[in-house]
Each structure stands twice: as C-alpha cells, then as structure tokens.
Amino acid sequence: MTEFTSDLLRLLSTRGYIHQVTDPEGLDALAAKQIVPGYIGFDPTAPSLHVGSLVQIMLLRRLQQAGHKPIVLMGGGTGKVGDPSFKDEARKLMTVDTINANIASIKTVFENFLTFGDGPTDAVMLDNAEWLDALEYLPFLRDYGQHFSVNRMLSFDSVKLRLEREQSLSFLEFNYMILQAYDFLELSRRAGCRVQMGGSDQWGNIVNGIELSRRVDGTEVYGVTTPLITTADGGKMGKTMSGAVWLNADQLPHFDYWQFWRNTDDRDVGRFLRLFTDLPLDEIARLEALEGAEINEAKKILANEATAMCRGRAAAEEAADTARKVFEEGSAGGSLPTFAVEGGSITVADALVALGLCPSKGEARRKVAEGAIRIDDQVVSDPMQAISVTQQVKLSFGKKKHGLLVSA
C-alpha cells in the first residue's frame, strides 16, 4: 500500500476506496497543504439513489472528514442526455419537470451524510443545468470541441463496449463525456474544485475533464476512482431479487434497508464496515475476525451503523428491534413492510406481490411450490389459498424476508 502524507489519501487508502488516482503524488501534496474542494456527479434518473451510489456518497463524506470541501453536483443538465458509460442502450429521456422533482427528492439523503453550509469545508450542492442550459452550440463547439479527439473518444472502454455489441450510440449520448469534462472546468473556475471522484467506469470521463482544464485554463486538477463494489459471490452491490435497495425511506422501508445489510455475506463484512460505516479500523478488525455464529453479531452492527447513517439512529434501532422480535422471539415487529387488506381476505400470491416479497404472481407460485412461503411460520402449499385477515398476519419468504398483512 502506498504511503501517503495527507490525511485524505491515507483515509481513502486504508478504508479501501482507491482504485486509480491520476497523479497520486501531486494530489497528496496538495491535500497536505490546503483545503481541496472535490466533486462527484449524480444524474437524477429516479426519485432516489440506491445502494450502488453509496460508495460515492461515502467518498464525499470521507473528503469532508479529512478536512476538505465536498461538492455534490446534480446532473440537471447532463440528465437530459444520459450517461452512456457501459450501458447497452440509451436511457429514456426525461422531462425537465421529472428531473427537477427527482433532484428535490435525492437532495434529502445527502443531508444525512454531509454537513452543508457556508464554511470552508461545508458541503455545497450545485446543478450543472445552471451552466449547461446556457451554452450556445456554435460557441461551445468552437471553444471546446477542438480539444476532443474523436479517435480517442472512440477508444474509451465505455464507448468501445457499446460499439462492439453493435448497440446504437446516439450523437446525443456521445456528447455526454464532453459535457462532463466541461463540468470539471466550470467547477474549477466557479468553486476552485481540484479533484473529481467517481466509480471506475468514470475514468475516461474524468481524464477528459483533467485534460480540458489543463489545455483551456492551465489548471492542474486530479481524478480519483473507486473500485467496482461487488459482493463476495460476484454479484453487483445493491442488486437483490426484489429490486434496487433505495436510500430514500419513501422508496424502501427502514426494515428492508436494515435487513439488506444484515444479509451481507460473511466474506464481505469487514470490507463493508470499512466502506459504509465510521467505526474505527481496530474495531472493524476485531469484528471481521469473528467466526461461526459470532459473525452474525458483526452483521447486526453493520446493519445498525449503515442504517443509522442513512435513516437515523431511531430508524436503525426500530429495525433492529423488529428483527429481534421476528427472528429471535417469533413475533412480528412494527417496522416490517405492511399491506392493508380490504374485504377481509387476500390470496397468498396477491399478498406476496403486494408486500414486495415477490415481483410477480408467477414468481410467487414458484416460491410456494418450492416450500419457501410461510403464513405465521406455517408452510403454504397453495398460492391461491385465501388468507383471512381480521388481525395482523405475518407472511414470510424464506428465513429473512417478512411482511405484515393488516385489516384495512
């Protein structure tokens, strides 16, 4: 592991955030002597970000913890284009109203992770629509288009992969990397931003911004990327059978968020504690060394800490209490997914879909046939069985997914 002199790169290195740095020595020296504003861009493609974006949010948190200034850049402008990086097809274009509504919803999550304000290391949130919407096409092409080689743009993996799969890449999407590079230039001018961070798939876009800033303004800026976060079994972080693990509470109940972390593979516990909690490294070392049934205690701590950071300590405690009642005492807790049944009854298949335990009735029928579904801890054999709901009924999928049916 490289020995860094700055608190920033030492923190990022020891916690496992660094995949590539454009100029490690230069950034290390800069961060050791001054406050470094750094940014990450987030495109508002939905009303909430999901756990797949969490490592980037935590990266901004670490930047602030090390005494530097986080800039959250919302892609109100680039969101109108859509990032083609490693995508098989173009994203559906969103209306301006949808983009603005998504940004307003996403903003609320960042306040749990960062301290915003007017101070030198306080976080700020900007929207690239502020400058991208005002660009005039011909002046932009003349002033900045000359600095981009199409040959080089075609060589980036994110573009090559799309072309090799013979998937159409529109000229609109092809412009995305130029716009992202321009964002870095604008932020360096407006906010003194000196580092852009992002996932490993953003390396080409980040390098473009660094080169544009150097060529146009002669400014030295830097890039940091994080490794692709996969689970021990090779899966993509945050992708589950029941869909995305959303950060916003109105998109995913507290208990489901807590349970996602509780279900972490034994092999991932230490890494996820370093990335997604503020626990000291020596405590994490102790927890990840636990074996057998004891590792479950480490998973509960991971779930508590990760949930408290995103949803608040009260939400974490409520979810942990519900889990304890459901799994250890056999009773139903109050923060499980709940569905109010009208008319007094509902079929097992309909209930599984309504509670979000299965994505479709077909999947519900398959899981019933496999013996994976229980009503109040009794195995169900018929997906069309009517569940009479006069009081609270617990429906379970396997050992770890539960929901409550209540009378409307």
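In the predicted model, Lys367 and Glu363 both belong to helix α18 (residues 361-369), where 4 residues, about one turn of the helix, separate them; helices are DSSP runs of H or I with at least four residues, numbered from the N terminus. The two side chains form a salt bridge whose closest N and O atoms are 3.8 Å apart, the term denoting a side-chain nitrogen of Lys or Arg within 4 Å of a carboxyl oxygen of Asp or Glu. Both Lys367 and Glu363 are buried. Burial is assigned under 20% relative accessible area, exposure over 50%, and partial exposure in between, with a 1.4 Å probe and protein chains only. Through salt bridges with shared partners, Glu363, Arg366, Lys367 and Glu370 are joined into one network.

Residues are numbered from 1 along each chain as its sequence is written. Because the model is predicted, local features need pLDDT of at least 70 and side-chain atom pairs count only at pLDDT 80 or more, while totals for chains, interfaces and linings use all residues, and side-chain values use heavy atoms, with hydrogens and water left out.

Over the whole structure, the search yields 20 salt bridges. One of them joins the side chains of Arg189 and Asp217, with an N to O distance of 2.7 Å. This pair links distant parts of the chain, since Arg189 lies in helix α10 (residues 176-191) and Asp217 in helix α11 (residues 203-217), 28 residues apart. Arg189 is partly exposed at a relative accessible area of 39%, and Asp217 is likewise partly exposed, at 34%. A salt bridge within one helix is formed by Arg324 and Asp321, the closest N and O atoms of which are 2.2 Å apart; these residues lie 3 positions apart, about one turn, in helix α16 (residues 313-328). Relative accessibility is 32% for Arg324, which is partly exposed, and 27% for Asp321, which is also partly exposed.

Helix packing was examined around α13. The axes of helix α13 (residues 269-276) and helix α15 (residues 295-311) come within 10 Å and cross at roughly 20°; axes are lines fitted to C-alpha atoms, for helices over the stretch in contact, and angles run from 0 to 180 degrees between N-to-C directions. The two helices are therefore roughly parallel, given that angles under 35 degrees count as roughly parallel, over 145 as roughly antiparallel, 65 to 115 as roughly perpendicular and the rest as oblique. The crossing of α13 and α15 is left-handed, meaning that the near helix is turned anticlockwise from the far one by less than a right angle. Val269, Phe272, Leu273 and Phe276 of α13 make the contact with Ile295, Ala298, Lys299, Leu302, Ala306 and Met309 of α15, contact being defined by heavy atoms within 4.5 Å. These residues comprise 9 nonpolar, no polar and 1 charged; Ala, Val, Leu, Ile, Met, Phe, Trp, Tyr, Cys and Pro count as nonpolar, Asp, Glu, Lys and Arg as charged, and the others, Gly among them, as polar.

A further contact of α13 is with α3, the axes coming within 9 Å and crossing at roughly 50°. The arrangement of α3 and α13 is therefore oblique. Leu54, Val55, Met58 and Arg62 of α3 meet Arg274, Leu275 and Phe276 of α13, and the contact contains 5 nonpolar, no polar and 2 charged residues. Helix α13 is largely enclosed by the rest of the structure, because 6 of its 8 residues are buried. The buried residues are Val269, Gly270, Phe272, Leu273, Leu275 and Phe276, and the elements covering them include α1 (7-15), α3 (54-65), α12 (254-262), α14 (281-288) and α15.

Two residues preceding α13 in sequence were also considered. Arg262, in helix α12, is buried at a relative accessible area of 16%. With residues up to four places away in sequence not counted, Arg262 touches Asn296, Lys299, Lys300 and Ala303. Thr264 occupies the loop between α12 and α13 and is buried at 6% relative accessibility. Under the exclusion of residues up to four places away, Thr264 touches Val269, Phe272, Lys299 and Leu302.

Ser170 is located in the loop between α8 (157-164) and α9 (171-174) and is partly exposed at 28% relative accessibility. The C-alpha atoms of Ser170 and Gly398 are 44 Å apart in space, with their positions 228 residues apart in sequence numbering.
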